[in-house]
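Trainee: I'm new to this one, and I'd like a close look at a single part: the salt bridges. Could you walk me through them and show me how they sit in the rest of the chain?

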Amino acid sequence: MLHRTITRAFTGAAIALAMTGAAVAAELRYAHVGAEGDIQTIYAAQAAEGIASATDGDVTVTVYPASQLGGVAEMVDGIRMGSISIGHHDFASLARLVPEVAVFNAPFIYRDGAHALAATDPATSPALQAINEKLVAQGVRIIGRIYRGDRQISSNFPVKTPADLSGKPFRAVPLELWVSMVKGFGAIPTPVEVAELPTALMTGVVVGQENPLTMIAANNLNEVQSHVSMTGHMRAVLAVFVNEEVWQGLGEDQRAAITKVLDDEATKSLQMAQEGEAKLVEELKGRGMTFITEADGLDLTAFRESVNKQIAQDFPSFTPLIEQIQAVE
């Protein structure tokens, strides 16, 4: 069977064929920055297998993990241009295209993991559907999501309140929302790409960072960090997004099959995150890390109030969207 690499130059004939609902042969390049062992890496690998199976091999997916095709900005640009077919990262990575999409990564916005998945479902979330229309006009469409786990603070010293981070350089994902949040932590935002993070922590360029425990374990950050503060400040949900011409170039049945695979994998990612967190706490304790919870004096109220105040100041347009997201059952 003839397989065709789908890029921005996807032919008009193939698009016309896809619009009839007929299957087309396609090879998709799937990029992300996740490391081996991370939930997002497992998700991408399983999604690739599921898509090939669900489309009877007509759509094949080659996954390029660990920033093989570039960092976050390069990946987003590649998908927008069509040199990369599909990828995933935090919703805020698309904020250069549509600023308000970053709201789905806002800290302290979701009640729990199930609410996070419901509020980011491209098929049913009113807020996401409205934003997706704007993204499509920019050549990108969100077609799925991944639940990666709650993000926690790790550091070289005990962190219990924002005052403990005052004036200290703290890694911020190179996105405006993260910079704002780290300011709310009381720290000095210092952008560092994920591939450079272990070295930055080891050399003192930054004294701390925040990520799900899966990432902390997969990247062996216990070797350069001593403490984890269980702030759970973000329910880490990643957007899965595709080049719009690639998406429209697929057959209608293929798009439906891919969407179902991604929905199924999203549910699995939530289960994986929930089941894995308790195990990871014990594993990282065994590697020498000290965990700080509210029982140990962690002041979650102080973090919540400080961060929410900073976000409201920096992103006033988020307020109605946050209310809409929080209303999702």
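Mentor: Let's start with a word we'll need: a residue is buried when its relative accessible area is under 20%, exposed when it is over 50%, and partly exposed in between. By that cut-off, buried residues make up 54% of the 329 residues in the chain. Keep in mind that this is a predicted model.

A bit of setting first. The chain has 12 helices and 9 strands, and its C-alpha trace spans about 60 × 40 × 30 Å along the principal axes. Its radius of gyration is 20 Å, which agrees with the value near 20 Å for a compact globule of 329 residues. Of the contacts between residues at least 6 apart in sequence, 74% join residues at least 24 apart.

Now the charges. Side chains of opposite charge can pair when their charged atoms come close. This chain carries 24 positive and 38 negative charges, and their mean positions are 3 Å apart. The salt bridges number 13.

Take Arg151 and Asp90, whose closest N and O atoms are 4.0 Å apart. Arg151 belongs to strand S4 (residues 140-155) and Asp90 to strand S3 (residues 86-90), so to speak two distant parts of the chain, 61 residues apart. Arg151 has a relative accessible area of 1%, so it is buried. Asp90 comes in at 3%, so it counts as buried as well. These two also belong to a network of salt bridges that includes Glu210.

Strand S4 turns up again with Arg141, which forms a salt bridge with Glu244 at 2.8 Å between the closest N and O atoms. Glu244 lies in helix H9 (residues 244-249), so this pair ties together parts that are 103 residues apart in sequence. Here the two partners fall under separate labels: Glu244 is buried, at 11%, whereas Arg141 is partly exposed, at 23%.

One more pair involves strand S4: Asp150 meets Arg235 in a salt bridge, 3.0 Å from N to O. Arg235 sits in strand S8 (residues 227-243), and the partners are 85 residues apart. Asp150 is buried, with 14% relative accessibility, while Arg235 is partly exposed, with 25%.

So, to pull the thread together, strand S4 supplies Arg151, Arg141 and Asp150, and their partners lie in strand S3, helix H9 and strand S8.

Methods. Residues numbered from 1 in each chain as written. Predicted model: local features only at pLDDT ≥ 70, side-chain atom pairs only at ≥ 80, totals over all residues. Heavy atoms only, no water. Helix = DSSP H or I, 4+ residues; strand = E, 2+ residues; numbered from the N terminus. Rg over C-alpha atoms; globule rule 2.2 N^0.38 Å. Buried < 20%, exposed > 50% of the residue type's maximum accessible area, 1.4 Å probe, protein only. Contact = heavy atoms within 4.5 Å. Lys, Arg positive; Asp, Glu negative; His and termini not counted. Charge placed at Lys NZ, Arg CZ, Asp CG, Glu CD. Salt bridge = Lys/Arg side-chain N within 4 Å of Asp/Glu carboxyl O.
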